[in-house]
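This report concerns a pair of chains and a sheet. The structure is shown first.

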Number of protein chains: 2
Amino acid sequence: MTTRAQLRGTIVALCGGVGGAKLALGLARVLPPGRLVLVVNTGDDFEHLGLRISPDIDTVLYTLAGLNNPETGWGRRGEAWNFMAAMESLGGETWFRLGDADLAIHVERTRRLAAGENLTQITRGFAERLGVAAELLPMSDDPVRTMLETDMGVLPFQHYFVRLRCAPKMRRIWFEGGETARPNPALMRLFADDAVDAVVVCPSNPFLSVDPILSMPLLRAALESTPAPIVAVSPLIARQAVKGPAAKIMAELGFEPTQRAIVEHYGCLIDGLVIDDADRDEAHRLGLAVEVTRTLMVGLDDREALARRALAFAARIGPRVGGRVTHAR
Amino acid sequence: MTTRAQLRGTIVALCGGVGGAKLALGLARVLPPGRLVLVVNTGDDFEHLGLRISPDIDTVLYTLAGLNNPETGWGRRGEAWNFMAAMESLGGETWFRLGDADLAIHVERTRRLAAGENLTQITRGFAERLGVAAELLPMSDDPVRTMLETDMGVLPFQHYFVRLRCAPKMRRIWFEGGETARPNPALMRLFADDAVDAVVVCPSNPFLSVDPILSMPLLRAALESTPAPIVAVSPLIARQAVKGPAAKIMAELGFEPTQRAIVEHYGCLIDGLVIDDADRDEAHRLGLAVEVTRTLMVGLDDREALARRALAFAARIGPRVGGRVTHAR
């Protein structure tokens with residue numbers, strides 16, 4: 001309640017896949033229509049079987065449309081696998097599982113891209129058709145590709161993540177195209193118009209899901225210079241990621257999987273961090289505003305409660321005067 | 001039995017979709033492996049949803065692999081439709097029905113074409129994976145597109161056939177690219193090596209399914225000059241097509257739907273025609289060798305019996321001395 005009283009403009013949430021989508025759903029449920037803009041990682045996007053796959057966009061879309069598969073964290077619920085079985089019988093690649101219904105979004109996206117539409121237009125069209133009220137923006141319409149240097153060589157993200165199940169040891173992560181990609185124009189307009197009231201960094205993997213978004217210099221500069229408070233929700237609970245390889249990757253890159261490491265990773269970009277009750281002891285050693293609450297999202301109520309908590313936290317922090325770091329524009 | 005005694009080389013069968021596939025299956029079952037080469041119409045091929053669809057190749061492949069849907073005459077048996085339902089919910093095109101398992105062949109074909117393989121290589125790969133022993137050759141690796149001038153304007157084949165369900169009145173049919181397309185090299189080699197013992201024109205629609213094959217001047221010339229007997233199995237029974245718009249189209253183009261019209265259509269190209277018992281009265285007025293038998297293929301036994309009958313008929317006609325028409329090479 002206090003949230004709505006204090007934040008009246010647009011809430012921008014940066015998110016990747018599963019963890020991000022859960023909070024995105026919470027935000028979508030507690031905010032009135034038209035106030036939420038979700039900026040989704042496209043660094044995981046890839047071409048597979050000739051189709052353009054946008055895993056994080058689809059996870060967020062399906063989650064907000066109530067179509068997601070809660071067991072897998074990807075794809076659609078109640079999915080059938082006739083396509084994969086037939087593909088296997090024809091000798092095609094089957095390491096990346098595409099369900100029969102899920103296929104439609106990849107085929108139609110690929111077709112529309114080839115017909116000249118951009119990813120923003122296509123995603124907006126899908127969201128409308130699926131009854132998703134929140135605005136869902138790909139971080140960019142230009143290609144940015146998350147690349148990984150591992151002990152098994154340089155790997156595109158999905159090969160590391162899906163084909164090799166995160167087994168390779170991570171050495172370095174970079175974002176091909178990030179330097180030159182134009183951030184989503186609709187998002188940049190919001191910042192330019194000073195229409196953003198708060199930015200929430202969802203509890204997605206900071207290294208793999210949020211960093212691709214931050215790899216675009218113009219978007220990073222907009223975040224650094226916006227007066228809107230920026231709060232992150234930590235993906236770690238008691239040195240573990242709820243899902244995915246965040247803790248493993250942090251260890252491999254030489255970081256302790258602690259809240260401190262998350263704060264150091266985001267640096268001056270964030271004004272506050274939401275951490276789990278389990279990490280309460282760390283709260284006073286983090287050197288920025290901290291909100292301690294339950295961050296594990298099991299049910300819908302958890303998602304809504306965490307969304308409210310993050311928004312209230314941002315509202316309490318309030319607008320910043322001046323930029324965040326010296327090189328901000 | 002006599003067939004095998006008399007024809008020892010390769011049997012080439014020209015075929016389109018459903019009717020052609022039925023006889024193709026019969027031929028595949030009565031001929032030893034390695035003796036049958038099926039030349040399949042690709043004039044119906046088109047791009048749809050960004051995928052390359054080859055309807056006749058798939059019908060023949062599925063039929064020979066025992067995967068075909070006998071009710072529809074296209075697609076796979078036991079098919080599910082989750083993809084189409086999801087596509088509809090996203091606002092995509094749904095007039096051309098693609099089943100969940102069927103999709104795999106279109107996606108994989110499209111991918112392999114983009115990767116530089118040609119349709120012949122891809123089709124051979126699929127046939128091997130599906131356990132099809134007969135050689136299945138696309139009529140050409142170059143694009144030939146069946147185009148129709150109708151009372152509803154100029155239509156690509158699938159728009160006429162599927163989207164508009166053959167309702168428009170046919171005025172003219174032509175084959176874009178046919179003049180310049182290179183016929184399948186493996187087929188041309190067989191003719192060049194004089195390895196063809198007989199050619200069977202399957203009971204596919206002469207105007208829509210066989211004519212695209214014959215539209216390629218080099219293939220037509222090879223057929224005109226081969227000494228191998230060429231026999232056609234008529235698609236008409238008592239002035240009706242078993243399936244499809246052959247009789248309707250013939251009427252619209254100003255032909256009576258008779259065996260005589262079929263003979264006149266193929267002209268000097270064929271040495272004999274197989275017609276149904278129902279048309280026995282026409283047999284003696286056709287001016288070429290005629291075989292009268294049951295041409296309706298309901299069961300597997302019908303397919304095999306008709307295949308044996310057509311082969312025995314060709315064997316009886318025997319090789320021709322000299323070319324068929326004056327402009328043959």
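The sections below cover the model, the symmetry, the contact and the sheet.

## Model and numbering

This is a predicted model, in which local features need pLDDT of at least 70, side-chain atom pairs count only at pLDDT 80 or more, and totals for chains, interfaces and linings use all residues. Residues are numbered from 1 along each chain as its sequence is written, and chains are lettered from A and ligands numbered from 1 in the order in which they are written.

## Symmetry

A turn of 180° with a shift of 0.0 Å along the axis lays chain B on chain A with an RMSD of 0.0 Å (least-squares superposition on the C-alpha atoms of residues with pLDDT of at least 70 in both). The two copies are thus related as by a two-fold rotation axis. In chain B, the residue that comes closest to this axis is B:D100, at 2.8 Å (C-alpha).

## Contact between the chains

Chain B and chain A give 26 residues each to the contact (C-beta atoms, placed from the backbone, within 7 Å). On the side of chain B, α4 (82-89), α5 (103-114) and α6 (119-129) each give two or more residues (helices are DSSP runs of H or I, at least four residues, and strands of E, at least two, numbered from the N terminus). α5(B) gives the most, with eight residues.

## Sheet of chain A

Chain A has an open sheet of seven strands with parallel pairing, in the order β5-β2-β1-β9-β10-β13-β14 (strands pair if DSSP finds at least two bridges between them). β5 (135-138) and β14 (289-293) of chain A stand at the edges, each with a single partner strand, so one side of each is left without a neighbour in the sheet.

Strand β13 (residues 272-276) of chain A runs parallel to β14(A) and is joined to β14(A) by five bridges. A:L273 has A:V290 as its bridge partner in β14(A).

Methods:
Two residues are in contact if their C-beta atoms, placed from the backbone, lie within 7 Å.
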